[in-house]
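Here is a walk through a few corners of this fold, taken one at a time. Have the chain open as you read.

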Amino acid sequence: ISLPLEKRIEILQLEDIEQRLQFINTCLVQELDVLQIEDDLHSKVQREVDKNQREFYLREQIKAIQMELGERDLWEQEVIEYQQKLARVSMPDEIKRTASKELARLKEGPSFSPEMGIIRNYLDWLIDLPWIEETTDNLDINHAVDILNHNHYGLEKAKDRILEYLAVESIGQEGVKQPILCFVGPPGTGKTSLGKSIAQSLGRKFVRLSLGGIRDEAEIRGHRRTYIGALPGRIIQTMRRAGTANPTFMLDEIDKIGNDFRGDPAGALLEVLDPEQNANFSDHYLDLPFDLSRVMFIATANQVDTIPTALRDRMEVIRISGYTEEEKEKIAELYLIPKAQRENGLQDYEITFQASAIQHLISSYTREAGVRNLEREINSVFRKMARELTQGKQIRSMLT
């Protein structure tokens, strides 16, 4: 056995034969323990190598059998499907080059590697995002007037500003950058439904992102792909859901953005809303520029004071103060009562509300600026009618 020099000298210094043999025996036991550990490690490594070789051998056999049967390998089939998708989809040249590079890595890498799953997810996002696809705008102002008047009662100032916005769009001068509209008003005054009407009049897709309570910048910009389970930010996720590069994008509750140690989401939104920057919006997951300049952004808020100053500077505030009792009465008659009748399954019955009944609901039960409480009270009346109907009673046709 190979012993260190110090132990060899120690053996020679032991004059008693029995002590010398006991010392050598101890050294032999230690050496056997080391050899046993080395043998165990070697066996484990050998088993792992044999397992990998066996898997490789079996995979090659499967490939050979599939080739004999005229079938493609599942991994090869998946790579071909990605190639076909990339050939069909329209995207800028820079994005196409990046996708082709990632596809080459996918093709060359082992199918069982965890990194391949990350590459597949990344390719799926690149293929599914609307890089170029657009809807054609309907810039007929008279059509927009009809839509706004049909969907909303009152709100004349807000309607006028929306029509001015659409008029500038219809002229179509190059380089004209319009401000981001921000509807500010109490809950239930129709801010979100105004955005839907704008999208409907233009013929664009309507998507909505609620910003209430967001505190992490990564919610806007996404996580880098080095993290497990990384995803793009909610801006890119919503654009994927829209399916077009020019939707009407509503940023709801922009006055309720948070801020903590994980970053400032309002700072990330600056790049989204600034017309000078959003043509090259950078998401951490994609790590590629995404063009948001064709998106029509609309924001909503309950109050102006809590909107971050830098964001407020990039938006034009349109105040929606609320409705008078006369306006609420008309809204109930034209919109809320027919809607509640349909939702409660009573559309086949002829039910009318007296004006005095609506006025009583407004003055006695709903004192807020919007019409949400009024809608709840009207729904409550229809639910009581539905209950009377199911109990075999006759619904009264006039409510007093």
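## Around Ala-301

Setting aside residues up to four places away in sequence, Ala-301 touches Cys-182, Phe-183, Val-184, Gly-185, Lys-191, Ile-254, Asp-255 and Ile-307, where contact means heavy atoms within 4.5 Å. Its place is in strand β6 (residues 296–301); helices (H or I, at least four residues) and strands (E, at least two) are DSSP runs, numbered from the N terminus. Ala-301 is buried, with a relative accessible area of 1%. Buried means under 20% relative accessible area, exposed over 50%, and partly exposed in between (1.4 Å probe, protein chains only). Arg-97 is another story: from Ala-301 it is 204 residues away in sequence and 41 Å away in space, C-alpha to C-alpha.

A word on ground rules: this is a predicted model, in which local features need pLDDT of at least 70 and side-chain atom pairs count only at pLDDT 80 or more, while totals for chains, interfaces and linings use all residues. Residues are numbered from 1 along each chain as its sequence is written, and side-chain values use heavy atoms, with hydrogens and water left out.

## Helix α8 and Thr-248

What should the 12 residues of helix α8 (residues 191–202) span at 1.5 Å a residue? The expected value is 16 Å, and the end C-alpha atoms are 17 Å apart, which agrees; the expected span is 1.5 Å times one less than the number of residues. The buried residues in α8 are Lys-191, Leu-194, Gly-195, Ser-197, Ile-198, Ala-199, Ser-201 and Leu-202. They pack against quite a list: α6 (141–151), α7 (156–171), β1 (180–184), β2 (206–210), β3 and β6. After α8 comes Gly-203, with a positive phi near 80 degrees.

Over in strand β3 (residues 248–252) you'll find Thr-248, buried at 0% relative accessibility. Leaving out neighbours within four places in sequence, Thr-248 contacts Gly-195, Ala-199, Arg-204, Lys-205, Phe-206, Val-207, Met-296 and Ile-298.

## Loops and positive phi

Leu-211 sits in the loop between β2 and α9 (218–221), and at a relative accessible area of 1% it is buried. Neighbours within four places aside, Leu-211 is in contact with Ile-220, Leu-251, Asp-252, Glu-253, Ile-254, Lys-256, Ile-257 and Leu-269. Gly-258 is 47 residues from Leu-211 in sequence and 8.9 Å from it in space, C-alpha to C-alpha.

Most residues other than glycine have a negative phi. Glu-253 goes the other way, with phi near 55 degrees. Glu-253 is in the loop between β3 and α11 (265–273) and is partly exposed, with a relative accessible area of 24%. Asp-287 also has a positive phi, about 55 degrees, although it is not a glycine. Asp-287 lies in the loop between β4 (281–282) and β5 (289–290), and at 53% relative accessibility it counts as exposed.

## Helix α15 and its partners

Helix α15 has 19 residues, which should span 27 Å at 1.5 Å a residue, and its end C-alpha atoms are indeed 27 Å apart. Its buried residues are Leu-374, Glu-375, Ile-378, Asn-379, Ser-380, Phe-382 and Met-385. Just after α15, Gly-392 takes a positive phi of about 85 degrees.

How do its helix partners pack? Helix α13 (residues 325–343) meets α15 at an angle of about 45 degrees, with axes 9 Å apart. Axes are lines fitted to C-alpha atoms, for helices over the stretch in contact, and angles run from 0 to 180 degrees between N-to-C directions. α13 and α15 are therefore oblique to each other (under 35 degrees is roughly parallel, over 145 roughly antiparallel, 65 to 115 roughly perpendicular, and the rest oblique). On the α13 side, the contact is made by Lys-328, Ala-332, Leu-336, Ile-337, Lys-339, Ala-340, Gln-341 and Glu-343, and on the α15 side by Leu-374, Glu-375, Ile-378, Asn-379 and Phe-382.

Helix α14 (residues 355–365) packs on α15 (residues 372–390) at about 125 degrees, with axes 10 Å apart. That makes α14 oblique to α15. Leu-361, Ile-362 and Tyr-365 of α14 make the contact with Leu-374, Glu-377 and Ile-378 of α15.
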